[in-house]
Amino acid sequence: MNQAITWDSSIRSFVEHAGSAEPTPGGGSVAALVAALGAAMTSMVGNLSQGEKFAAIREQIELTLNEMNSLSALCEELLADDIRTFGQFMEALRLPKGTEAEQAQRRHAMRAATYAAIDVPLRLLRVCRDGMRMTAAIAETSNKNVISDLGIGAILFEAAAQSAYLTIEMNLASLKDAERKGEYAEQASQLLIELGQLKEAALRTVHQRIMA
């Protein structure tokens, strides 16, 4: 497993490693980066919606910028966590299974690794939902000259969320605990529904302002 990729890696390095035969960075890490780019677009619009002309929304813009900074930091954590949890899963997979005790220990490790592999993209889904909420909140009043960039931020948040949802589905398929499986599926589904509604509202406003 490749451990070289971090948040400080160059774009070129990240893209090359993501496209290589190495299993990491994989889809989860790419989704975290895409969500951070969504936050960056919303931040840019916020930073360009300041001054006397936007005095009436100063508080909302400050709140948005602070939230985007926080979400970007969470994306950095999630990228690293995605790589770490894949390593945890591979370590569990390699555990011996010659005796009943070893088999039980391996099952326990595999279950813990699967939970971790679901928790990371579920956290990313929440990040995307929160980012989309703030993006939608400034769609009506932010700087019209960069409103298309705000729309791009919304699209990126959705892309990251859909990617995270696929990762969750993939890991849920191997989860034996039916009750916990249902809980995870319900949480993920509700987050995706909420995010989709927010995205539709944000993009509807973006398109209206572009055409106005």
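Here is a quick look at the largest pocket and the aromatic contacts in this predicted model.

Local features need pLDDT of at least 70 and side-chain atom pairs count only at pLDDT 80 or more, while totals for chains, interfaces and linings use all residues. Residues are numbered from 1 along each chain as its sequence is written, and side-chain values use heavy atoms, with hydrogens and water left out.

**The pocket**

A pocket here is an open set of points on a 1 Å grid over the protein atoms alone, where a 1.4 Å probe fits, with protein on both sides within 12 Å along at least five of seven lines; lining residues have an atom within 4 Å of a point. The largest one holds about 280 Å³ of space, the volume being what is filled by probe spheres set on the points. Its lining has 15 residues, with Asp-82, Phe-86, Ala-117, Thr-167 and Asn-171 nearest the centre. H3 gives the most, 4 residues (helices are DSSP runs of H or I, at least four residues, numbered from the N terminus).

| Helix giving two or more lining residues | Residue range |
|---|---|
| H2 | residues 27-47 |
| H3 | residues 58-93 |
| H4 | residues 100-137 |
| H5 | residues 147-172 |

**The aromatic pair**

There's 1 aromatic pair (ring centres within 6.5 Å). Tyr-115 and Tyr-184 sit 6.4 Å apart centre to centre, with 50° between the planes, so they count as tilted (neither under 30 degrees, stacked, nor over 60, edge-to-face). Tyr-115 is in H4 and Tyr-184 in H6 (residues 178-211), so the pair ties together parts 69 residues apart in sequence. Both tyrosines are buried (under 20% relative accessible area, 1.4 Å probe, protein chains only).

Notes: Rings of Phe, Tyr and Trp (its six-membered ring) pair if their centres lie within 6.5 Å; planes under 30 degrees apart count as stacked, over 60 as edge-to-face and the rest as tilted. Buried means under 20% relative accessible area, exposed over 50%, partly exposed in between (1.4 Å probe, protein chains only).
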